[in-house]
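Biologist: Could you walk me through this model and show me how each label is earned? I would like to see the reasoning as well as the result.

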Amino acid sequence: MSVHRFTRHCVAAALLALPATAFAQGFGLNEIGSCAIGRGYAVSGAPCQDASTIYWNPAYAAALSGNSLVVGGASIAVTGAFRRDSSLGRYPADVPTSYTPHLFFNHRQNDRMSWGVGVYVPYGLTSEWHNDFPGRFLALKASIATIYIQPNIAWKINDNWMIGGGPIIGHSNVELIQSVDLSTQIAGLDPLGNPITFGQLGIAQGTEFARGTLKGSAYSYGVTVGFFGHLNDHWTIGGRYLSSLNFNYKNGKATFQQVATGLTLANGNALGAPAGTPVDALLASQFTSGALVSQGGTTELVHPDQAEVGVSYDGFDRWLLSADYAWIGWKRFHQLDIHFANPALGTRTQFEDYNNSSAIRLGAQYTAGNKWQYRFGYAGVATPAPDVTVTPILPDQDRANYTVGLGIPLTRGLTLDAAYAYVWTPGRRGRIVDRTSRSQTAAQINDGVFTLAANILSLSLKASF
Amino acid sequence: MSRTMNLLRGVAVAGLFGVLASCDMPHSTVGPSYAGGSIFKSYVALGNSLTAGYQSGGINDSTQSRAYPVLLAQQFGTRFAYPALANPGCPPPINNFQTQTRVTPAGYPASTDSSCYLRTKASITDVLNNVAVPGADVADLISPTGTSPNPLTTFVLGGLTQAQRALIAKPTFATIWIGNNDVLVPALTGMPDGATPLANFTASYHDMIAELMTGAPDLKGVLMGVVQVAAAPQLFPAAALQSLAFVGGLSQAVGTPVTVHPDCYSAPGNQSLINIQIIAWLKAAVAAGGPATIVCVKNDIPGYGDYLVLDAAEQLQVYNLINSYNAYIQAKADSIGFAYWDPNPALAQLAQTPGAVNYPPNLASATQPFGTAFSLDGVHPSSSSHIVVANDLIDVINAKYGTSVRHVQ
């Protein structure tokens, strides 16, 4: 009875502590193991009984018996759109379904120690838009695919407490495809030596005359640690910390392709060209001997650190309830600098100015008499993106994740986990133009509403032997 | 039973999670509102200098901001971007009628009619709502190079046509005031045969409307008729030459005594309209060794009495042509469900307002020679007249579409 009273107080306290909503924010991903997804990712204090705990709580691997193998993946289908104030146009996103794999193996060496390895994707992003999207000058396609390889050792301090952790080897690929706007290019100098842009000569903003692609890859290294303990017969607690990894994409390559503008100059134009001159003809040399020849490009991207702590309670017959709080250090995502080898292009800076963010994750699991497990979860995520950094690259916004899952025992040592998650967002005002100065406010440059939703399916095959 | 209760308890917990999801989301998703009604969500204005905001022989951000489409958009409560031209302008407006000097900020070289200070950086946008180009005639709205292009064509349109730029805004409402330049210069110069023939005018107008309506099938709006340009105060009646004071003013402006040919005092010469630009023409004529004489009947002095003189027959020719233009425009408006606005009654009413229109111009005034209704070039309306135009249009729009757009105060 006293346990139940304590439980009620804790649940109430947890609910009162909820932020507006919270979860995998920014370009973070949590689709790492179907059991975890089904339970709303609230698994650091109530780890799944499989090797995926190497990610979710590296300490709990010490509690697994024998050998545990988990292999699986998730499909992430994102739908989204941008509705623009000024043109009333609705521009749907064109995001292909992404697939993220996960693979974990754990071996119990002895009563105290286990070792293993995990391969998973904690950060990733693909945003892609159609060719007529007016925000394509910020991003027609932005893709980050980062995979972490984590050797892990877990140590049981005593029957109730265990710790674990290991190094992280991260490999990341980035690809950014942007349209290039003629109106922002320098057409010449005025008598005082000030640059005159094509826009000042009348070329409309959003006149695409080139398409640039930047690709790069990089390695980085980090560490993760965790702890897990039994508070009493029904309560457990656990936590993990994953360090930040800073990827420096030094070997990037930038290529540019001319895009026909179809513009024709009228008589008396400020460029001094004869009437009927195609603008494209004036620009062609830029791609053969000018600033827009293929060249090197570098950028740097931090994958922030994460901390998560959770508790679980199994005092109700056949039920396991869990709640986690997660924190992600997005404040380090301050700005994105892209350096081009050609000095004429120089460095392009995108101000991000993210904030640290937190998430609340709640999970429940019911184990039926036939060993089937039914899982439910909810995760509320507060976006780290400020109002002024809601862009086509990542139109981040608060998210509510509703999850369900199923654990199906196939044989004595083989289980199939399945999970589905629906990611709901309220929609958020954002911008499709560069923020050229930190003095520019959201009210000044936001020009529409981004909507976003995702359907996530995950399957994991678990073997114990 | 116990198992069932446990299951229900778990479901209740999951349901609670769902309730949590409905917690308020702090980020605004509210877009703009349109005070005038939803048909004004995206308003575009097509046309020529009248719509662009040209005044006093020039255009800049200041004159553009006072143009009737800007006033309309404010009353509609809708976004309206125009291609703002940096101060002092492109070209800078005349600020003294007598000296013909143009706006010149301190520290700038003296502005001329060929000075141009480009677009303001803040005005660079992909969705332009005022796509009107000074000098445009009806064929220009769908021609990339234009039949009457000038530097402003590229400054405003950037290599597209007015129709193309207007459609980028996905317009829901449009005002189209085009056709004045098809007859204006021929009328003002006394050469009305140079006006766009009716067949050409209607063909171009048809194609322009077809392109717009194809691109925006649900478009609503107003087609605006052509002004009876012979009523512009840049043309003064020959009868004014009976005034010694007026002729004295002309003489002062030309810099030599001006004589008036006797044909100006009797029919048909006394019915002619003379362009005030005769001052500059006489200066040139005198410089070339000719007499400083105003002739009101064609070739009563060889080479005189034709250019810048619109005789009675030509006035009728212009009047009838504009009436034909307007009959077509009105029928076109009816056929596509647009409202039609005839500017001529409003201008006629203005002419009756004391001080609004000076016939002939007050040559002694440096700042209001043509009256309060016209700017210093005697053709383009003043800021106060743009308000009149906007309010007239609002009446037409409210009557046609049942809206409740308020007048400009």
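Modeller: Gladly; what follows is a talk about confidence, chain make-up, sheets, a helix and some backbone details.

Biologist: What kind of model is this, and what are its overall scores?

Modeller: The model is predicted, and its scores are ipTM 0.73 and pTM 0.74. Chain B has an average pLDDT of 89, with 90% of its residues at 70 or above. Residues 1-30 of chain B have a pLDDT below 50, although this stretch makes 44 contacts in the model beyond near neighbours in sequence. Where pLDDT is low, predicted coordinates should not be read in detail.

Biologist: Thanks, that helps! What secondary structure do chain A and chain B have?

Modeller: Chain A has five helices and 23 strands, while chain B has 13 helices and eleven strands. The C-alpha trace of chain A spans about 90 × 40 × 40 Å along its principal axes; for chain B, the corresponding box is roughly 120 × 50 × 40 Å. Buried residues account for 51% of the 465 residues in chain A and for 53% of the 409 residues in chain B.

Biologist: How do you know which contacts in chain A link residues 24 or more positions apart?

Modeller: A contact needs C-beta atoms within 7 Å, and the positions of the two residues in the chain then give their separation. Among chain A contacts with a separation of 6 or more, 71% are between residues 24 or more positions apart. In chain B that share is 72%.

Biologist: Why is A:Val381 called buried?

Modeller: The cut-off for buried is 20 or more other C-beta atoms within 10 Å. A:Val381 has 31 such neighbours, so the residue counts as buried. A:Val381 belongs to strand 19 (residues 373-381) of chain A, and its C-alpha lies 6.3 Å from that of A:Ala400, 19 residues away along the chain.

Biologist: And what makes A:Lys371 exposed?

Modeller: Exposed requires 12 or fewer neighbours, and A:Lys371 has 10 inside 10 Å, so the label is exposed. A:Lys371 sits in the loop between strand 18 (357-367) and strand 19 of chain A. Its phi is positive, about 75 degrees, although the residue is not a glycine.

Biologist: Where is A:Tyr41, and is it buried or exposed?

Modeller: A:Tyr41 lies in the loop between helix 2 (34-38) and helix 3 (53-56) of chain A. With 31 other C-beta atoms within 10 Å, against a cut-off of 20, A:Tyr41 is buried. Phi of A:Tyr41 is also positive, near 65 degrees.

Biologist: How do you know that strand 14 of chain A pairs with strand 10 and strand 15?

Modeller: Pairing takes at least two bridges. Strand 10 (residues 235-242) and strand 14 of chain A are joined by eight bridges and run antiparallel; A:Trp235 is the bridge partner of A:Tyr313. Strand 14 also pairs with strand 15 (residues 319-328) of chain A over eight bridges, again antiparallel, with A:Gln306 opposite A:Ile328. Five residues lie between the strands in this hairpin, where A:Arg318 has a positive phi near 70 degrees. Strand 14 (residues 306-313) is mostly covered, with six of its eight residues buried.

Biologist: What makes strand 6 and strand 10 of chain B edge strands?

Modeller: Three strands of chain B form an open, antiparallel sheet in the order 6-8-10. Strand 6 (235-237) and strand 10 (309-310) each have a single partner strand, so one side of each lacks a neighbour in the sheet. Strand 8 (residues 273-275) pairs with strand 10 of chain B over two bridges, which meets the cut-off of at least two. B:Ile274 has B:Val309 as its bridge partner.

Biologist: How does the span of helix 11 of chain B compare with the expected value?

Modeller: Helix 11 (residues 312-336) of chain B has 25 residues and reaches 36 Å, close to the 36 Å expected at 1.5 Å a residue. Its buried residues include B:Leu321, B:Tyr325 and B:Ile329, and their cover includes helix 8 (198-215) and strand 8 of chain B. After the helix comes B:Gly337, with a positive phi near 80 degrees.

Biologist: Lastly, which peptide bond at B:Pro88 and which at B:Pro268 should I look at?

Modeller: The bond joining B:Asn87 and B:Pro88 is cis, with omega about 10 degrees. The bond from B:Ala267 to B:Pro268 is cis too, with omega near -5 degrees. B:Pro88 is in the loop between helix 4 (68-76) and strand 2 (94-96) of chain B, and B:Pro268 in the loop between strand 7 (259-260) and strand 8 of chain B.

How values were computed:
Residues numbered from 1 in each chain as written. Chains lettered and ligands numbered in written order. Predicted model: local features only at pLDDT ≥ 70, side-chain atom pairs only at ≥ 80, totals over all residues. Helix = DSSP H or I, 4+ residues; strand = E, 2+ residues; numbered from the N terminus. Expected span 1.5 Å × (residues − 1). pLDDT = per-residue confidence, 0-100.
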